[in-house]
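This report goes through one chain, beginning with a single side chain and ending with overall counts. Please keep the sequence and the coordinates at hand while reading.

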Amino acid sequence: MKKVITMLMLFYGFMLSAQSNRNSVENSQSGNGSYGPTSVIQPGAVLPPSNQSFSTNAFLIPDCTVNGISITTSGTTAFAYSTPTAPVTCFPLADGFTGTSPWTGSGTTGFVTYTFSSPVNNVRVSYSAVNGLVDIGTINVNGGGAISLSSPCGINVAGNVVTCNFPTPTDFGDIAVTVSSTLPFTTITLVNTGGNSGFVGGNPCNFTFGRCLAGNTAPVFRTRTLSNRCPATTANLTTLPVASQPFGTTFTWHTGTPATNANTVSNPSAVGPGTYYGAFYDAVGNCYSPTTPILVTITECVADLQVTKTADVRTASIGSNVTFTITATNNGTSPATGVTVTDVLPVGYTFVSATPSVGTWSAPTWTINNLAVGASETLTIVATVRPRGGYANTATITGDQTDPDLTNNTSTVIIRVFVPLDRVDAVDDDFRRTPISICGGTTPSVFSNDTVNGFSFLPSAVNVSLVLPLSIPGATIDANGVITIPPGTAPGGYTLTYSLCSNSSLICDTANVSIFVDSIFVAAFNDNFLSTPISGFTGGQTPSVLTNDSYYSGISVSLAFSPIAGATIDQAGIITIPAGVATGNYTFLYQLTDCRGNVYQAKADVAISRRVIIGPIDPIDPFDPIQLKQVKIYPNPSNGNFTIDATGFENLSVSIYTSMGRNVYQLNDLKNQAKVDLSNLPKGIYFVTLNNGSESIQKKVVID
């Protein structure tokens, strides 16, 4: 709407000439209201410069009253432009202008303001357009709410920006914009921001209003705060009385300001802590009054939990019982929930029992749950004093609520325990019956017959070391009491001394260990197992080839030659024959390899028969190994003392070997039963070979 200067000057001269011929003031009526006499610019009048403000009465703009609301207009530039007297038509008008109105001018800060005598929430306001250049302006209201624009004339509105562009530079006419706000307002100001000719104020008598019953006054409360206290978690805003509520409105609560439909509180009768805003709401006009804030506070639940712990004695002896009493109390002003007490017994005690007055006990937690204000509950724990460990017993209490004093949430009781000096007894050991080869090896543990205070002990409770000087250089003893003899030790008997000390009292005792280092003599001798054939259908095992050999613990056993594919030999010297071998006699070549790499070989003849064992065999068959399987050995495992029950058999030969094939027991004429004592041997797996003169069978026994 670029205003063309030449056109304006011609228009201005035309108006002066027309006015000089008038002898009376022209009045005009509007269907929406009325306005007073139109003032006329006299010949020779000087226009104010652009952006000079003025009042309505001073610059030819009549007052107008529409629906009881008075409207006045002001602006920055006075110009004798006559707006159309008819209502807004939304079409350009080339002539028929009457009256005058303020003009924003072409500056980017020029404005036109409409002032209303009462608050409204929406207005359809008109402006005059002059020509076809693009004009841009921004609209603001003084209510502080969020405004929105719409145009029945089809011009462009976006946010609070108005843009209009008539088709040709000679077009004239009015535009119309509806201004709505979320809060009531009393002024509308349009500022020219496009820098072109600007906007001219429209006829106020052509305005239409949407009056806001909510008014422009915020609600009044007797207080600005609302509080509630624990155990409540919400407050009721509807309990606050509000004064001076306008007729036809409802009272609403909001989470922010200004009040909008989007920030309305859905349930004001139950709100949490925070600031809320009250407002009056006009449902017809969909508008709100200004807001008044209310601060909501919830007094926090306070449960001052306290735990105290006592014991029935202050000094106790090892093995005696101590009774601890734990008392849980709520010293706070609010009931406590989720209350638990934790009591972890230190290793110096053995738990016996726990008895709670309420709730449940599941070590180490006493679950109380609810504890009323001033209430107390107790838990008694009975524990036995152990020989060693910590004796400081601590209880801790916790709950769901805030605890203002954490200094009383733990309680500790320390029992003085009378601990007598330990009695350490280290007993001599004789391991010469299980020689160690010159290739080195280990002994059984020296702790097997030692005691502390008359009882066996865990290795962690003692400290052991070899006493110098050592009769075997390089010998060591580990924490489990096992002595290691290094390779290269000369054959012969040795005595080592070890010291055994209690970790708790540092009381010590010493003992001697007798050790024999065997020579390295190794010899392998031929074996004939032809008299005890193995089934070629099922396969089986031979007796140990080491029975008649000379060797030491740790010797390596292997097959140098095997005539049967899949046959193997283990470190006990037992050859295993697979199933499906043809009948016949086979000769194996096995070898012993010592720690120096020397190899000693011998033969083992094995017979494979056609017999198939499918079930119980006639007892009269002397060659049936099933009969030997009826021999029982019990208990198994054992401590080395066990019984071989061969009831019904006579003249049985019994041989017992170590896992390395060393013969440790021999009985050549077993009748019915034999009591065997191998308790002096190391723990491990041993092999029992039974022979009736024609067949043999091997069983395993375990010593632990």
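Is asparagine 263 buried or exposed?

## Asparagine 263

The model is predicted. In it, asparagine 263 has a relative accessible area of 15%. The cut-off for a buried residue is under 20%, so asparagine 263 is buried. Its position is in a loop, the one between strand 18 (250-254) and strand 19 (274-282).

Two backbone oxygens are reached by the side chain of asparagine 263. One belongs to glycine 256, at 3.5 Å, and the other to proline 258, at 3.1 Å. When residues up to four places away in sequence are left out, asparagine 263 touches Trp253, His254, Thr255, Gly256, Thr257 and Pro258. Glycine 256 and proline 258 therefore appear both as touching residues and as the owners of the oxygens reached by the side chain.

## Serine 106

Serine 106 also lies in a loop, here between strand 6 (101-103) and strand 7 (111-129). Its relative accessibility is 40%, and serine 106 therefore counts as partly exposed; that class covers values between 20% and 50%.

Which residues does serine 106 touch, leaving aside those up to four places away in sequence? They are Asn192, Gly195, Asn196 and Ser197. For glycine 195, the C-alpha to C-alpha distance from serine 106 is 5.4 Å, while the two residues are 89 residues apart in sequence.

## Strand 40 and its partners

Strand 40 covers residues 482-485. Ile483 and Ile485 form its covered face, and Val482 and Thr484 its uncovered one. In a regular strand, side chains alternate between the two faces of the sheet.

Strand 40 pairs with strand 36 (residues 441-445) in the antiparallel sense, over three bridges. In this pairing glycine 441 stands opposite isoleucine 485. Strand 39 (residues 476-477) also pairs with strand 40 in the antiparallel sense, over two bridges, and isoleucine 477 stands opposite isoleucine 483. The two residues of the covered face, Ile483 and Ile485, thus face isoleucine 477 and glycine 441 across the pairings. Strand 39 and strand 40 make a hairpin with four residues between the strands. In that hairpin, glycine 481 takes a positive phi near 85°.

## A five-stranded open sheet

What is the order of the strands in the open sheet of five strands? The order is 27-28-25-30-31, and the pairing is antiparallel. Strand 27 (360-362) and strand 31 (410-414) are the edge strands, each pairing on one side only. From one strand to the next, the twist averages 20°.

At one edge of this sheet, strand 27 pairs with strand 28 (residues 365-371) in the antiparallel sense over three bridges. Tryptophan 361 stands opposite tryptophan 366 of strand 28.

## The chain as a whole

The chain has 704 residues, of which 43% count as buried. Its secondary structure consists of two helices and 56 strands.

Among the contacts with a separation of 6 or more, 70% are between residues 24 or more positions apart. About 33100 Å² of the chain is exposed, and carbon and sulfur atoms supply 55% of that area.

Methods:
Residues numbered from 1 in each chain as written. Predicted model: local features only at pLDDT ≥ 70, side-chain atom pairs only at ≥ 80, totals over all residues. Heavy atoms only, no water. Buried < 20%, exposed > 50% of the residue type's maximum accessible area, 1.4 Å probe, protein only. Contact = heavy atoms within 4.5 Å. Pairing = 2+ DSSP bridges. Areas by Shrake-Rupley, 256 points an atom, 1.4 Å probe, with all protein chains shown as cover. Axes fitted to C-alpha atoms, helices over the stretch in contact; angles between N-to-C directions. Polar contact = N/O pair within 3.5 Å; in protein donor to acceptor, adjacent residues only side chain to side chain.
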